[in-house]
Amino acid sequence: MLRKCCRDAQTSLEDGRQINIKAGENLAWYGGASHFDENLFPRANEFIFDRFLNKKAESVPGYMPFGGGKSICPGRFFARYEIKTCVAMLLRYMEYQFKDVKIVPKQKLTRVGVGIAPPDHDVPIVYRYRVCSH
Ligand code: HEM
């Protein structure tokens with residue numbers, strides 16, 4: 001998330017340090033800093049399928065995948081429906097198996113801080129269309 005500072009300001013970090021920001025300076029907020037913070041998200045590096053079940057994203061402190069404030073992503077509702085539709089279609093029409101038993105890819109380091117976090121290597125799967133009865 002990028003912001004331009006419009007007047008001299010000060011902010012304090014959690015460890016007590018003060019930061020002075022001058023008018024005209026650019027700031028970048030890196031989501032991963034809080035999204036992988038174990039204090040906010042226990043077992044932050046694990047995929048826990050029901051981590052956000054029955055929670056509104058806005059009510060989870062430190063979770064801001066779509067930014068915030070005036071310029072919060074206007075496509076966020078569309079994006080969520082797209083993702084859900086895609087997952088539902090994949091589960092409905094495809095069946096697949098992971099080829100490796102142990103799947104723990106790390107994040108591609110060259111993409112840290114730039115949008116979606118792709119894995120550092122492909123995760124091989126075998127897939128085919130489901131046989132539908134109708
Ligand atoms: C998973 C998908 C998406 C993610 C994670 C995402 C994330 C973001 C983030 C973090 C911002 C910056 C917000 C800020 O500065 O506070 C943003 C801005 C924006 N997004 Fe998305 N976005 C997604 C999909 C989409 C889609 C599908 C559209 C359009 C159909 C869209 C349109 C925009 C626009 C126009 C802005 C600029 C808003 C502004 O500066 O006022 N995004 N998005």
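Author: A polar contact is a pair of N or O atoms within 3.5 Å. In this predicted model, a backbone N or O atom of Gly68 lies 3.0 Å from an oxygen atom of the ligand.

Reader: What makes the approach of Arg3 to the ligand a polar contact?

Author: A polar side-chain atom of Arg3 lies 2.8 Å from an oxygen atom of the ligand, and the cut-off is 3.5 Å. The pair therefore counts as a polar contact. For Ser71, a side-chain N or O atom is 3.0 Å from a ligand oxygen atom.

Reader: How many residues of each class form the shell around the ligand?

Author: Seven are nonpolar, four polar and one charged. The residues around the ligand include Met1, Pro65, Phe66 and Phe78.

Reader: How many aromatic pairs does a search of the whole structure find?

Author: Four. In one of them, Phe41 and Tyr63, the ring centres are 6.3 Å apart and the planes are at 75 degrees.

Reader: Why is the pair of Phe41 and Tyr63 called edge-to-face?

Author: Ring centres must lie within 6.5 Å, and planes over 60 degrees apart count as edge-to-face. The values 6.3 Å and 75 degrees meet both conditions, so the pair is edge-to-face. Ring pairs also link Phe41, Phe52 and Tyr63 into a cluster.

Reader: Why is Phe41 called buried, and why is Tyr63 called partly exposed?

Author: Buried means under 20% relative accessible area, and exposed means over 50%. Phe41 has 5%, so Phe41 counts as buried. Tyr63 has 26%, which is between the two limits, so Tyr63 counts as partly exposed.

Note on methods
Residues are numbered from 1 along each chain as its sequence is written. This is a predicted model: local features need pLDDT of at least 70, side-chain atom pairs count only at pLDDT 80 or more; totals for chains, interfaces and linings use all residues. Side-chain values use heavy atoms; hydrogens and water are left out. A residue is near a molecule or strand if one of its heavy atoms lies within 4 Å of it. A polar contact is a pair of N or O atoms within 3.5 Å; within protein, one must be able to donate a hydrogen and the other to accept it, and residues adjacent in sequence count only if both atoms are side-chain atoms. Ala, Val, Leu, Ile, Met, Phe, Trp, Tyr, Cys and Pro count as nonpolar, Asp, Glu, Lys and Arg as charged, and the others, Gly among them, as polar. Rings of Phe, Tyr and Trp (its six-membered ring) pair if their centres lie within 6.5 Å; planes under 30 degrees apart count as stacked, over 60 as edge-to-face and the rest as tilted. Buried means under 20% relative accessible area, exposed over 50%, partly exposed in between (1.4 Å probe, protein chains only).
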